[in-house]
Amino acid sequence: MRKAVWIAAIIGVAAACGVGIRANAAPAADTIQAGAVAPNFTLPSQEDKPVSLADYKGKWVVLYFYPKDQTSGCTIEAHNFQRDLAKYDALNAVVLGVSLDTVEGHKTWCSKDTFGFKLLADPNHKVVDLYGVPVKNFGVMKFANRETFLISPDGKVVKVWEKVDPNVHSTEVLAEISAAKK
């Protein structure tokens, strides 16, 4: 029995990180579309302090949802955002990552990989559902799809990426912010 649970867990993590295994996605609300007002939210960060979208009014916000802390695709994506943080700062933008992981999980990952941006814990998928991000279920394990919402300084969703390549995504987001500022 324990072996079956471990196998299911490994398959779930592999699928969530884009290894090519398909799973059933839980129905979510419709995904928030470009042009809509971004719904406000408050979630705890890796420091276990509340972070709200409203805290960043007047800034560009890169709100990215990812499946699981410390997995290969998620680590690549997070490291690319970290690599480009100075570029985001120069564009008056912040990066906020959201997953179904806990504050403790985020704290562990951030202390290991020293990320300089906020990772927000949404284990009850309150914000995941609010933004309409599909959730994949693997028995008791759940993973949010990898999706990103670019929110303008006035609080409108400018762009939604529903298919994200973690290898190049930060570069795509920076290009979109630069184009939108012109």
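## Burial, salt bridges and a pocket

Q: Is C74 buried or exposed?
A: In this predicted model, the relative accessibility of C74 is 1%. A residue counts as buried under 20%, so C74 is buried.

Q: How many disulfides does the structure hold?
A: C110, at 9% relative accessibility, counts as buried, and C74 is buried at 1%. A disulfide needs a pair of cysteine sulfur atoms within 2.5 Å. The number of disulfides in the structure is zero.

Q: What share of the residues in the chain is buried?
A: The chain contains six helices and ten strands. Of its 182 residues, the buried share is 48%.

Q: What percentage of the contacts in the chain with a separation of 6 or more is between residues 24 or more positions apart?
A: A contact requires heavy atoms within 4.5 Å. Among contacts with a separation of 6 or more, the portion from residues 24 or more positions apart is 70%.

Q: Which residues does S45 touch, not counting those up to four places away in sequence?
A: S45 sits in the loop between β2 (42-44) and β3 (50-52). Its relative accessibility is 1%, so S45 counts as buried. Leaving out residues up to four places away in sequence, the residues S45 touches are V51, V103, K118, L119 and L120.

Q: Is D48 buried or exposed?
A: D48 is placed in the loop between β2 and β3. Although D48 is not a glycine, its phi is positive, at about 60 degrees. The relative accessibility of D48 is 52%, and a residue over 50% counts as exposed, so D48 is exposed.

Q: What is the relative accessible area of Q70?
A: Q70 belongs to the loop between β4 (60-65) and α2. Q70 is a residue other than glycine with a positive phi, near 60 degrees. Q70 is partly exposed, and its relative accessible area is 38%.

Q: How far apart in sequence are the parts that E77 and R146 tie together?
A: The side chains of E77 and R146 form a salt bridge with an N to O distance of 2.8 Å. E77 is in helix α2 (residues 72-83) and R146 in the loop between β8 (141-144) and β9 (147-151), so the parts tied together are separated in sequence by 69 residues.

Q: What is the relative accessible area of R146?
A: The salt bridge partner of R146 is E77. E77 is buried, having a relative accessible area of 1%. R146 is also buried, and the relative accessible area of R146 is 11%.

Q: Which residues do salt bridges that share partners join into one network?
A: R83 pairs with D84, with the closest N and O atoms 2.9 Å apart. D84 also forms a salt bridge with K87, where the closest N and O atoms are 3.8 Å apart. These bridges share a partner, and the residues in the one network are R83, D84 and K87.

Q: Which of R83 and D84 is buried?
A: R83 is partly exposed, with a relative accessible area of 48%. The relative accessible area of D84 is 3%, and buried means under 20%, so the buried residue is D84.

Q: Which residues lie nearest the centre of the second largest pocket?
A: The second largest pocket holds about 170 Å³ of space. Its lining has eight nonpolar, three polar and three charged residues. Of the 14 residues that line this pocket, those nearest the centre are L53, A54, K57, D154 and G155.

Conventions:
Residues numbered from 1 in each chain as written. Predicted model: local features only at pLDDT ≥ 70, side-chain atom pairs only at ≥ 80, totals over all residues. Heavy atoms only, no water. Helix = DSSP H or I, 4+ residues; strand = E, 2+ residues; numbered from the N terminus. Buried < 20%, exposed > 50% of the residue type's maximum accessible area, 1.4 Å probe, protein only. Salt bridge = Lys/Arg side-chain N within 4 Å of Asp/Glu carboxyl O. 1 Å grid on protein atoms, 1.4 Å probe; cavity = no way out; pocket = protein on both sides within 12 Å on 5 of 7 lines; lining within 4 Å. Points joined across faces, edges and corners; volume = space filled by probe spheres on them. Nonpolar A, V, L, I, M, F, W, Y, C, P; charged D, E, K, R; others polar.
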